[in-house]
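Colleague: Before we discuss helix packing and charged side chains, could you put the model in front of us?

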Amino acid sequence: MKIKTKLRLGFGFLFVIVLFFGTLSMFYINDISKSSEIVLKDNYESLRYTRDIRKILDEHNLPLDKSTLNAIETELKKEEKNITEKGEQAEVSALKQSLQRLSSVNTPSSGLPIEREVRAHLQTIDDINMQAIVRKNDAAQNSVKNAALLLGLTGGITFLVLFSFTVNFPGFVANPLRQLSQGIKEISKKNYTQRLEFKSNDEFTELADAFNEMARRLNDWEKSNIATLRSEKLRIEAIISQMQDAIIGLNETQQILFLNQSAEQLLNIDGQQWVGRSASELAQTNDLLRNITSNETRNKQLKIYANGKDSYFQLDSLEIAVPTVQTNGEEAINRSKSPAGMVFILKNITQFKELDTAKTNFIATVSHELKTPISSIKMSLKLLGDERVGTMNAEQSQLIQHIREDSDRLLKITSELLNLSSVETGNLQLQFNPVQPEVIVNYAMDAVRFQAEQKEVQLELLSKNGLPNVLADTEKTAWVLINFLSNALRYSPSKSRIVIGVTARDKWVEFSVKDFGNGIEKQYQQRLFDRYFQVPTDGTKKSGSGLGLAISKDFIEAQNGKIWVESEIGEGSKFSFSLPIAT
């Protein structure tokens, strides 16, 4: 039976009960009303008629005149039409005969016995009606009591029926809904074995069947999904385990999720013993793990003794974030990512480090060997330019000039390569001394002043007096500033200016070189300090080796300083570095 049919039958039953109770009540109320009406009307009228006859007799003396007799006759006729009780007819007839005899008397004395007879009949009629009133009143009271009893009984039964309906009928709808709600909660907890069973044959049974089918399919999907996830997990674990790079995974609470064989060998631990435990606990007794997980060594090179020799590893760290979506109904209102842990990868770069070291040594050797013949070439060029040796024509002088410029360029490149090799091999020697910033700036400006005058570029110095000393290597720092000025002169138009600034900020002294050339695009600014990188130009020949800024960065960072660039297209560039104040 459908729920709609059950609801109709239920409310129809309630309607029938209420209609039955209302009809029964109306029946008894009508019966009591009729009984009361009889009591109040018929018998009361008879008493009023007899009272009126008695009143006429009281107000007139015997013998009665014709008008008085007519008045009594009128009331008597009314009483004759209102006879309702047993014995009342006989008394009315007797009263009529007595009144006829009373109308024929001529003297008061002869009429007194008849008047007393008339009054006796009137009293008898009153008694008959009074007794009827009492009897009918008792009958009405009994009817009221019976009606009240029956109505009370009927009302009690109706109340019990309605109460039972009120208590049980909501459960008919609420209980299946409650079971459905509990089933949905279990499904939300991934308890796909939950089932609903309704014995009725209605929409709830259909809903339970649909729910059970959904739970069955979810259970099948969960089993297949878990199997797939387990297979994929084993596959990923196998891939990670066989990778040559050491891989360490931590969750968001810094617990170790996984370690591959390479990581176990480097850390010298048993991975199965430590998976699931705190990384900080292991780091207390394992210096390598402590260095790996510290923020200071992330994304840097580590030197580790492994495989019987010093090995080099590039440490890369990757923060894992899980996407989360907050929805409002079906509409996504917020998309964000929540941290889920970290993955550390140690790439073995020993082979590349060895190759790089060999390259550096080769460059240093070649640069050193080239420096001597280049110096000899420069000396020979100087001698050729001496007129005491002989004079040259214009074309020969021009060729000599080109050879001299190329020799200077080669000598500069070899010097830069030697500086680079000294940095890479760790043989960079720095002489730290407290030095006045003005000394470094004047040294650099004097070195490029002739070049600036030839290009008609004005050098402007913005500096305050009394700047604090910096702890630096004067020669290396001046070399960096000279490199900044040389680059600024190269890219500055003629008759422009270059601003050299020196300022003290907190515990640092900042040096800057500002030119007003074309500027550098944003996409190239991050790579300016990379080795061998040169900003692409519009088909013009590149000058330099692309090592000057890289060496400048190494020199400044070796002195615990910072170096950076600021540039906008069309507004020029500003290269800056800062060094700590000498204490």
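Modeller: This is a predicted model, and we can begin with one side chain, since Glu75 has a relative accessibility of 12% and counts as buried.

Colleague: Which residue does Glu75 meet in a salt bridge, and what is the N to O distance?

Modeller: Both partners lie in helix α2, three residues apart, which is about one turn of the helix. The partner of the buried Glu75 is itself partly exposed, at 35% relative accessibility. The salt bridge joins Glu75, at 3.8 Å from N to O, to Lys78.

Colleague: How are helix α2 and helix α3 oriented, and at what angle do their axes cross?

Modeller: The axes of α2 (residues 66-80) and α3 (residues 88-103) come within 11 Å and cross at roughly 170°. Because angles over 145 degrees count as roughly antiparallel, that crossing makes α2, relative to α3, roughly antiparallel.

Colleague: How do the residues of the contact of α2 with α3 divide by character?

Modeller: From α2 come Leu69, Ile72, Leu76, Glu79 and Glu80, which meet Glu88, Val92, Leu95, Lys96, Leu99 and Ser103 of α3. The residues of this contact divide into six nonpolar, one polar and four charged.

Colleague: Where in the chain do Lys522 and Glu568 lie, and how many residues apart are they?

Modeller: Their side chains meet in a salt bridge at 3.3 Å, N to O. The pair links distant parts of the chain, with Lys522 in helix α14 and Glu568 in strand β11, and the separation is 46 residues.

Conventions: Residues numbered from 1 in each chain as written. Predicted model: local features only at pLDDT ≥ 70, side-chain atom pairs only at ≥ 80, totals over all residues. Heavy atoms only, no water. Axes fitted to C-alpha atoms, helices over the stretch in contact; angles between N-to-C directions. Helix = DSSP H or I, 4+ residues; strand = E, 2+ residues; numbered from the N terminus. Parallel < 35°, antiparallel > 145°, perpendicular 65-115°, else oblique. Contact = heavy atoms within 4.5 Å. Nonpolar A, V, L, I, M, F, W, Y, C, P; charged D, E, K, R; others polar. Salt bridge = Lys/Arg side-chain N within 4 Å of Asp/Glu carboxyl O. Buried < 20%, exposed > 50% of the residue type's maximum accessible area, 1.4 Å probe, protein only.
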